[in-house]
Amino acid sequence: MSKMGISTIQSYHSAQIHEAVGLHPQLIERYFRGTPSRIGGIGLDEINRELNLADPDQPPAGEAPEGAAAGVAVAAAAGLSGIQVARLPTIGVVSVGDELVEPGEPIEPHQVRRSNDFGIEVAIRARRAGNVTRLFVKDDHDAMTDRIGACLAACDALVLSGGVSMGKYDFVPAVLEDLGIELIFHKVSQRPGRPMWFGRSADGKPVFALPGNPVSAAVCLSRYVLPSVEHAMGLTATSPRWISLSRDVTFEPDLTFFLPVRVSSSDDGVLSGLPARPNTSGDFASLAGTDGFVELPRGRDRFRAGYAARLWPW
């Protein structure tokens with residue numbers, strides 16, 4: 001029988017990472033490539049169940065991943081009466097901040113609407129990367145420790161947004177340390193999303209802490225979290241998509257630049273990306289109508305129209 005494995009998100013043990021260090025995005029991929037084993041302390045044998053192809057009354061376990069129909073048809077044609085499948089991980093999505101207000105509630109000028117946890121949940125479900133439990137916590141160290149700790153105990157992985165920068169009330173790194181979560185890295189040489197934090201619990205559960213700014217959170221989710229969880233589930237990575245910039249782009253900081261784009265196709269089938277540069281990392285509305293973002297490497301400050309860049313879809 002065919003198996004879809006679950007593998008852990010491993011740390012890169014030879015590197016000593018400190019908070020002041022900004023890592024290159026491609027180096028970070030090494031942290032998310034492990035040998036097939038476990039995620040969140042749950043072994044493959046513990047979560048596998050048999051899907052009986054010959055039982056018409058068996059209820060579905062959930063949505064099948066893209067391309068699963070062809071695979072099941074091939075298995076049936078080969079005479080297999082059952083295949084091994086694995087359940088989706090449960091991912092806790094935690095939104096942090098005193099300034100956040102629930103949609104539909106009255107709002108003050110200094111407050112902002114909660115949006116990250118809703119967007120993260122939809123993105124995870126759309127990619128069939130896990131089942132989601134959402135949690136909202138205020139900027140209170142003790143309350144955060146209790147509630148995030150309980151969420152971690154109940155889930156296979158955590159994705160937090162907010163409270164991860166260096167501000168007075170950014171308690172997340174300290175809270176995660178108090179919960180015994182090993183810091184793997186904090187800060188990435190990129191824009192947006194530099195304050196990203198990643199660690200691992202004592203029982204192997206991955207913890208991603210994303211910046212609270214909506215554009216930063218969306219970029220880090222699509223660039224790191226979703227590919228990492230899919231890899232941990234044993235899914236085959238999709239082939240990279242490359243598109244040509246339709247306009248010149250200038251970016252002077254010595255950082256990798258993630259630039260939102262609107263994708264279009266020419267009559268001869270060439271894909272191009274029209275830059276849709278946000279005004280700030282909080283300018284979430286500017287992402288409306290975009291298809292993803294391109295990754296422009298550090299080390300140069302000008303990218304001519306026609307430059308081929310990798311596209312990361314939302």
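Ser 216 touches Pro 192, Gly 193, Pro 211 and Ser 281, leaving aside residues up to four places away in sequence; contact here means heavy atoms within 4.5 Å. Ser 216 is part of helix α7 (residues 214–232). Helices (H or I, at least four residues) and strands (E, at least two) are DSSP runs, numbered from the N terminus. With a relative accessibility of 4%, Ser 216 counts as buried. Buried means under 20% relative accessible area, exposed means over 50%, and partly exposed lies in between (1.4 Å probe, protein chains only).

The model is predicted: local features need pLDDT of at least 70, side-chain atom pairs count only at pLDDT 80 or more, and totals for chains, interfaces and linings use all residues. Residues are numbered from 1 along each chain as its sequence is written, and side-chain values use heavy atoms, with hydrogens and water left out.

The next topic is salt bridges. A salt bridge is a side-chain nitrogen of Lys or Arg within 4 Å of a carboxyl oxygen of Asp or Glu. A search of the whole structure finds 11 salt bridges. The table gives some of them.

| Arg partner | Acidic partner | N to O distance |
|---|---|---|
| Arg 114 | Asp 117 | 2.2 Å |
| Arg 134 | Asp 117 | 3.3 Å |
| Arg 200 | Glu 182 | 3.3 Å |

Asp 117 forms a salt bridge with Arg 114 and another with Arg 134. Arg 114 is buried, at 8% relative accessibility, and Asp 117 is also buried, at 0%. Arg 134 lies in strand β8 (residues 131–137) and Asp 117 in helix α4 (residues 116–126), so their salt bridge ties together parts that are 17 residues apart in sequence. Arg 134 itself is partly exposed, with a relative accessible area of 35%.

The salt bridge between Arg 200 and Glu 182 links distant parts of the chain, with Arg 200 in strand β12 (residues 197–200) and Glu 182 in strand β10 (residues 182–186), 18 residues apart. Arg 200 is buried, its relative accessible area being 15%, whereas Glu 182 is partly exposed at 38% relative accessibility.

Some salt bridges share partners, and these join Glu 102, Arg 114, Asp 117, Glu 121, Arg 125 and Arg 134 into one network.
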